[in-house]
Amino acid sequence: MSRPLFSQRLQHYQPSTAVQSKPLVYGRLVRVVGMTLEVMGLQLPIGHRCVVINSEQHQVEAEVVGFAEHKLFLMPIQQSSGFTPGAKVLAIDYQDRVPVGAELLGRVIDGAGRPLDGKGPLNNSGFIAMKGEAINPLARKPISETLDVGIKAINSVLTVGRGQRIGLFAGSGVGKSVLLGMMTKFTEADIVIVGLVGERGREVKEFIEHTLDEEGMRRAIVVAAPADEAPLMRMRAAALATRLAEYYRDQGKHVLLLMDSLTRYAQAQREIALSIGEPPATKGYPPSVFSMIPNLVERAGNNADGTGSVTAFYTVLTEGDDLQDPVADASRAILDGHIVLSRAIADEGHYPAIDIEGSISRAMQNIVSEQQLKQAQRLRFLYSRYQQSRDLISVGAYVAGSDPETDLAIEKLPAIKQFLQQGLNESFDVSSSFQQLNTVIAAPAAAESSGQMPATNGNR
């Protein structure tokens, strides 16, 4: 009897000796420049998560943000230190998922979905993928319903529709956060998602306690990543807030998404891009910044069947009150309207300091009646006519009777200014806002018939 061949014996024992687990492959940290970690020995796609074991045997989670030949560029998810040359880097099996469910209402979480409010674990009912599916633009329901934001100047002159995306443009200290807080309390919405991205840490607690208060928090979720967080965490906080808004919209809810601020989101992407060697293009901003902004903003809006919506307000910080700032200019082009807050108006004690001349709602002409649109155009015209002659009027060089429209603008200015102002705790619905607007601009027939009122293009 012949002995079986060695290869045949191996095949006989192979099923019982098969190795099920994969070997652990470590990379090595070879360089640290600023916030960027350079790693050799791993081949991973962009977006994959790793763990870096620093000198204190503490594991620091990082994400692949770029590569060059055989070298990976990683960036820590959170602020960290203690890295040493040759530190081990281990790829981890990571599923990018978002906690969802009714249990999130009233909670404050960070960009990773972890609770910050000290109320214990989330106990959420499920998870969804962080990356949502894009909606076919031709399948989206058009903006056709008026949204009451409780601010009479916006309801009447800059009317907002459900599913619209609006930018609040202002310099520092002009009142954009206060206006955002007013809309948080007064806007009609089933759920409010607040993204506090890259702003001062103390504002998180103030916004929750003073702006939202206990009543407002019952229908709100706050995602916070203050300025001292790592750039990746700030970007993730904005993406998480948007993803949560998408989820509740798909559940048939009308969601109000408030992002403070879009500028800090862009600056976080700039930090990442410059760290991995992307060349700056426009005033220090690399090209990737201007592709990330529309990728984030375009996810808001109405869903395909029209049962749910995400109406989004993004604050945009105009550095030095420069509306031609690259981020401001790119945001204004992609959004469905912009509300500009003026420092000069705020210095007069006029709040909210909305610059009617520089603001526009591109959806207004599709959601209000022709009569309401004409009323709003008339107020803008009278306000603009006064501003054109303001210098002459202030020095006494304007002669009454020279221009009937300017005379009417001078007569109506006190009522217009009073109409455009509003207290922090005052709320005006759309109907009462238009009624007050009609009262303000009502004038004798002779005055109304004289002069030409230029038509206003709602899509400027």
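Two strands are said to pair if DSSP finds at least two bridges between them, and this is the idea needed to speak of bridge partners in the exercises below, which concern a predicted model.

**Exercise 1. Describe how strand β17 is paired with other strands, and name a bridge partner in each case.**

Solution. Begin with the general point that strands of a sheet pair through backbone hydrogen bonds, either parallel or antiparallel.

Step 1. Take strand β15, residues 254–260, which runs parallel to β17 and is joined to it by six bridges; within this pairing, Leu 258 has Phe 313 of β17 as its bridge partner.

Step 2. Turn to strand β12, residues 165–170, which pairs with β17 in the parallel sense, again over six bridges, and here Arg 165 stands opposite Ala 312 of β17.

Step 3. Consider strand β16, residues 301–302, which runs antiparallel to β17 and is joined to it by two bridges, with Asn 302 having Ser 309 as its partner in β17. The hairpin of β16 and β17 has six residues between the strands, and one residue to look for there is Gly 306, which takes a positive phi near 80 degrees.

**Exercise 2. Decide whether the residues of strand β17 are buried or exposed, and examine each face of the strand.**

Solution. The cut-off needed is that a buried residue has under 20% relative accessible area.

Step 1. Nine of the nine residues of β17, which spans residues 309–317, are buried, so the strand is largely enclosed by the rest of the structure.

Step 2. Separate the two faces: Ser 309, Thr 311, Phe 313, Thr 315 and Leu 317 lie on one side, while Val 310, Ala 312, Tyr 314 and Val 316 lie on the other, and both sides are covered.

**Exercise 3. Find which residues have the most contacts inside the largest nonpolar core, and follow one of them to its surroundings.**

Solution. Step 1. The largest nonpolar core has 60 residues, and those with the most contacts inside it are Ile 154, Met 183 and Phe 313.

Step 2. Follow Met 183, which touches Val 149, Ile 151, Ile 154, Leu 168, Leu 256 and Phe 313 when residues up to four places away in sequence are not counted. A second, separate core of 52 residues includes Ala 239, Tyr 265, Val 297 and Ala 312.

Step 3. Place Met 183 in its helix: it is among the buried residues of α3, which also include Leu 179, Leu 180 and Phe 186. Helix α3, residues 176–186, is mostly covered, with eight of its 11 residues buried, and what covers those buried residues includes α2, β12, β13, α4, β15 and β17.

**Exercise 4. Locate the closed barrel and describe the pairing of its strands.**

Solution. Step 1. The closed barrel has six strands, in the order β1-β2-β5-β4-β3-β6, with antiparallel pairing. Neighbouring strands of this sheet are turned by 45 degrees against each other on average, direction ignored.

Step 2. As one case, strand β3, residues 49–53, pairs with strand β4, residues 59–68, in the antiparallel sense over five bridges, and the bridge partner of Cys 50 in β4 is Ala 62.

**Exercise 5. Find where the backbone has cis peptide bonds or a positive phi in residues other than glycine.**

Solution. The background is that most residues other than glycine have a negative phi, and most peptide bonds are trans.

Step 1. A cis peptide bond joins Asp 260 and Ser 261, with omega about 10 degrees, and Ser 261 lies in the loop between β15 and α6. Another cis bond joins Tyr 351 and Pro 352, with omega about -5 degrees; Pro 352 belongs to the loop between α9 and β19.

Step 2. Glu 69, in the loop between β4 and β5, has a positive phi of about 55 degrees, and at 77% relative accessibility Glu 69 counts as exposed. Lys 283, in the loop between α6 and α7, has a positive phi near 50 degrees, and at 62% relative accessibility Lys 283 also counts as exposed.

**Exercise 6. State how many cavities of 30 Å³ or more there are, and describe the second largest cavity.**

Solution. Step 1. The count comes to four cavities of 30 Å³ or more.

Step 2. The second largest cavity has a volume of about 70 Å³, and its lining includes Lys 141, Arg 162 and His 254, together with Asn 302, Gly 306 and Ser 309.

Conventions. Residues numbered from 1 in each chain as written. Predicted model: local features only at pLDDT ≥ 70, side-chain atom pairs only at ≥ 80, totals over all residues. Heavy atoms only, no water. Core = buried A, V, L, I, M, F, W, Y, C linked by side-chain atoms within 4.5 Å. Buried < 20%, exposed > 50% of the residue type's maximum accessible area, 1.4 Å probe, protein only. Contact = heavy atoms within 4.5 Å. Helix = DSSP H or I, 4+ residues; strand = E, 2+ residues; numbered from the N terminus. Axes fitted to C-alpha atoms, helices over the stretch in contact; angles between N-to-C directions. 1 Å grid on protein atoms, 1.4 Å probe; cavity = no way out; pocket = protein on both sides within 12 Å on 5 of 7 lines; lining within 4 Å. Points joined across faces, edges and corners; volume = space filled by probe spheres on them.
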